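Dear colleague,

Please find the structure below, handed over for your study. My notes on what was found in it follow directly after.

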Amino acid sequence: MDSDSQDKSQTSFLKYCVYVISLGGFLFGYDTGVINGALAFMSKKDELNLSPTLQGIVSSSLILGACIGALGCGQVADHIGRRRTLRIIAIVFTISTILCAFAPNFWLMASFRFILGVAVGAASGISPMYLAEISPRAVRTVNVNKNAIAIVLGQLVAFVVNAILGNVWGDWSPIWRVMIFSASIPAIVLWIGSFKIANSPIWIMAEKQYKKAKGVFKKLGFDKLVYIKLKEDTGEDDEGRVPWKAVFKNKSLRYLLICGMLIALIQQISGVNAVMYYGTILMEKVGMGQGDSLYANILIGFVSLAASIAGTRLIDKYNHSKMLVIGLIGNVLFLFLLGMTMKTALFSQLFTNILVLAFLALFLACHQGIVSPVTWLILTEIFPNKIKARLMSVSTATVWLSNFAISLIFPVLISVVGIAVVFFVFAISNGVSIIFSTLVVKHNKLREAYKAGTELR
């Protein structure tokens, strides 16, 4: 079924739910992208006066909070449901964003960013899982991919807002506060919108509310046979969700958990978020002015968004594991060319800037168009329903833990070894990821493990 016919097969209620839930991904992108432009203004002596080390702490404090949020959201979502969890996330987003905007010093900024990170991490885990659970099979891939697109769109909107504010009011140092405060607007929209979306019918069935689940399935456009099959799988006398003890005892579930963590690691050691968080500073180091750097981010953001839209349509048609390898090969190529351009300095400053922008855009096109959406998609597919929320939370926490390490050391690493060497390191890490994804993350083995995990009582 192609994307157009898939879209037509969705009910208007399902579409509404998908777009509201995807706001979690948008906020994930916006809050991680807004620091890109805000950090340079925030670091000025008359503001928070941040050294490269303190810049790393401010950026990575959100990531550390995201580790906590991602790890805990699975248990919370299993206990109170996906909808209520998303609503709480929206409240935390709103309050912590406003606190960040008014933070008077480095310590409070880092603390408030940590709290904001809890919401970002929780949203990054629950949004794709929630979308997968409310979507019929025919439109599941399309709907989960909308979250991936929303992440990139959020980053692009943050770059545009930063560029406009930074160039129009760039002489006013506290403009970074307005940049950060702007993220509270979509957070409020998410909170309001969450009151009318459906709870996950999968979760409702796990709570043994079969009649209610049947009505939600129908409203979302599911086939009646899906409800019957899931009811048989859960069973009236079944004990419910699989305990952690059973996960570690069961070979198939252990394999799925390891694969989930490995896929999460692959997504992050590519170096993509080092570019998304520190793009403005990176551009300034290769010779661009502050205003030009902010506009360059917009170009990169547009390329990422276009690649994300095109890539998610492509992924829907081909084997996800093979697409992951193809995307990683592209990452290696363009990161190597990026490092060579910066290292050799064979060209004029203008031509060097053009090449840097081109290779950065191509790298992000590969990652945001293929690697990132396919990793989130695989994570929503490989875990059985009974244990999905908890295994997804561990995998998402792995995303943020590795992200935290990279974000913390990136500014310091640049100052010690230089930008070119850092990109060579990322090219090598993507090469290692190709080996992992080829030898460990095998499509047929994942399907067998999923089936064995589903049959576990």
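The charged end of Arg87 lies over the ring of Phe195, at 4.1 Å from the ring's centre. Lys219 likewise has its charged end over a ring, that of Phe13, 4.3 Å from the centre. Please bear in mind that this is a predicted model.

Aromatic rings also pair with one another, and the structure contains 7 such pairs. One of them joins Phe26 and Tyr30; the pair is tilted, with 6.0 Å from centre to centre and 35 degrees between the planes. Both residues belong to helix 2 (residues 12-42), where Phe26 and Tyr30 are 4 residues apart, about one turn of the helix. Phe26 counts as buried because its relative accessibility is 13%, and Tyr30 is buried as well, with a relative accessible area of 3%.

Another pair is formed by Phe106 and Trp107, which meet edge-to-face, with 4.8 Å between centres and 65 degrees between the planes. Here the partners differ in their surroundings: Phe106 is buried, at a relative accessible area of 9%, whereas Trp107 counts as exposed, at 67% relative accessibility.

Finally, I would draw your attention to Thr396, a residue of helix 18 (residues 388-417). Thr396 counts as buried because its relative accessibility is 0%, and the cut-off for buried is under 20%. Its side chain reaches the backbone oxygen of Met392 at 2.7 Å. Apart from neighbours within four places in sequence, Thr396 is in contact with Ala70, Gly121, Ser124, Gly125 and Trp376.

With kind regards

Terms used:
Residues are numbered from 1 along each chain as its sequence is written. This is a predicted model: local features need pLDDT of at least 70, side-chain atom pairs count only at pLDDT 80 or more; totals for chains, interfaces and linings use all residues. Side-chain values use heavy atoms; hydrogens and water are left out. Helices (H or I, at least four residues) and strands (E, at least two) are DSSP runs, numbered from the N terminus. Buried means under 20% relative accessible area, exposed over 50%, partly exposed in between (1.4 Å probe, protein chains only). A polar contact is a pair of N or O atoms within 3.5 Å; within protein, one must be able to donate a hydrogen and the other to accept it, and residues adjacent in sequence count only if both atoms are side-chain atoms. Contact means heavy atoms within 4.5 Å. Rings of Phe, Tyr and Trp (its six-membered ring) pair if their centres lie within 6.5 Å; planes under 30 degrees apart count as stacked, over 60 as edge-to-face and the rest as tilted. A charge sits over a ring if NZ of Lys or CZ of Arg is within 6 Å of the ring centre and within 35 degrees of the ring normal.
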